[in-house]
Amino acid sequence: MKYAHVGLNVTNLEKSIEFYRNVFEVEPVKIKPDYAKFLLQTPGLNFTLNLRDEVTGNQVGHFGIQVESTDEVSTHKNRLEANGIQTQNEEINTTCCYALQDKFWILDPDGNEWEFFYTKSDIDVNSEKESSCCTSESKVKEVQCCSTTTQDKNTTICCS
């Protein structure tokens with residue numbers, strides 16, 4: 001395999017290009033009036049933005065970028081905040097999805113969640129909090145683990 005591919009529908013191509021330019025630290029390899037393509041070597045990802053008049057519903061739980069250390073989590077957090085991308089939530093020494101992790105969350109212009117995370121170790125517990133992490137719940141008001149959004153519909157949230 002050469003690249004994984006994610007095609008993301010967006011409502012504002014210019015804002016999304018700027019956001020992902022900052023997140024990935026690369027320029028798009030192709031820009032058209034209704035399309036942009038980023039080709040990342042590490043991780044191997046063909047990431048495209050597809051302009052749509054409207055984006056509704058959440059077809060994805062979240063996206064994530066796994067890094068090599070807690071220091072790298074902090075470096076990315078500081079870099080993105082310096083570029084105007086605010087952290088939505090930061091979790092240090094959190095137990096989530098059978099792992100001990102350090103992470104932070106950001107939102108793209110269309111509200112898609114991204115986590116930057118470092119897995120310190122695998123553990124036998126899904127979450128140290130009683131939450132809706134990795135389960136299907138009806139009318140969940142706030143998801144504490146692996147999501148920073150308010151959920152109003154039946155949903156399944158799972159982690160990296």
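The following dialogue examines how several descriptions of this predicted model are justified.

Tutor: In this predicted model, local features need pLDDT of at least 70 and side-chain atom pairs count only at pLDDT 80 or more, while totals for chains, interfaces and linings use all residues. Residues are numbered from 1 along each chain as its sequence is written, and side-chain values use heavy atoms, with hydrogens and water left out.

Student: Why is E25 called exposed?

Tutor: Exposed means over 50% relative accessible area, buried means under 20%, and partly exposed lies in between, with a 1.4 Å probe and protein chains only. E25 has a relative accessibility of 52% and therefore counts as exposed. E25 is placed in the loop between α1 and β2, where helices (H or I, at least four residues) and strands (E, at least two) are DSSP runs numbered from the N terminus.

Student: What makes the backbone of E25 worth noting?

Tutor: Most residues other than glycine have a negative phi. E25 is not a glycine, yet has a positive phi of about 60 degrees. N93 is likewise not a glycine and has a positive phi of about 55 degrees; N93 is found in strand β6 (residues 89-96).

Student: Why is N93 called partly exposed?

Tutor: The relative accessible area of N93 is 41%, so the residue falls between the two cut-offs and is partly exposed. Y35, in strand β3 (residues 35-40), has a relative accessible area of 22% and is therefore also partly exposed.

Student: Which residues does Y35 touch, not counting residues up to four places away in sequence?

Tutor: Y35 touches L13, K30, T48, L49 and N50, where contact means heavy atoms within 4.5 Å.

Student: How do you know that β3 and β4 pair?

Tutor: Two strands pair if DSSP finds at least two bridges between them. β3 and strand β4 (residues 45-51) have six bridges, in the antiparallel sense, so they satisfy that definition. F38 has F47 in β4 as its bridge partner.

Student: What makes β1 and β2 edge strands?

Tutor: The open sheet of four strands has the order β1-β4-β3-β2, with mixed pairing. β1 (4-10) and β2 (30-32) each have a single partner strand, so one side of each is left without a neighbour in the sheet.

Student: In which sense does β8 pair with β5, and in which with β7?

Tutor: β5 and β8 pair in the parallel sense over four bridges, with F116 in β8 as the bridge partner of I65. Strand β7 (residues 99-107) and β8 pair in the antiparallel sense over nine bridges, and W105 stands opposite E115 in β8.

Student: What makes the peptide bond from T42 to P43 notable?

Tutor: Most peptide bonds are trans. The bond from T42 to P43 is cis, with omega near -5 degrees, and P43 is placed in the loop between β3 and β4.

Student: Why is an open space called a pocket, and which residues lie nearest the centre of the second largest one?

Tutor: On a 1 Å grid over the protein atoms alone, a cavity is a set of points where a 1.4 Å probe fits but cannot get out, whereas a pocket is an open set with protein on both sides within 12 Å along at least five of seven lines; lining residues have an atom within 4 Å of a point. The second largest pocket is lined by 20 residues, of which F24, L40, T42, P43 and I65 lie nearest its centre. β5 gives the most to this lining, with four residues.
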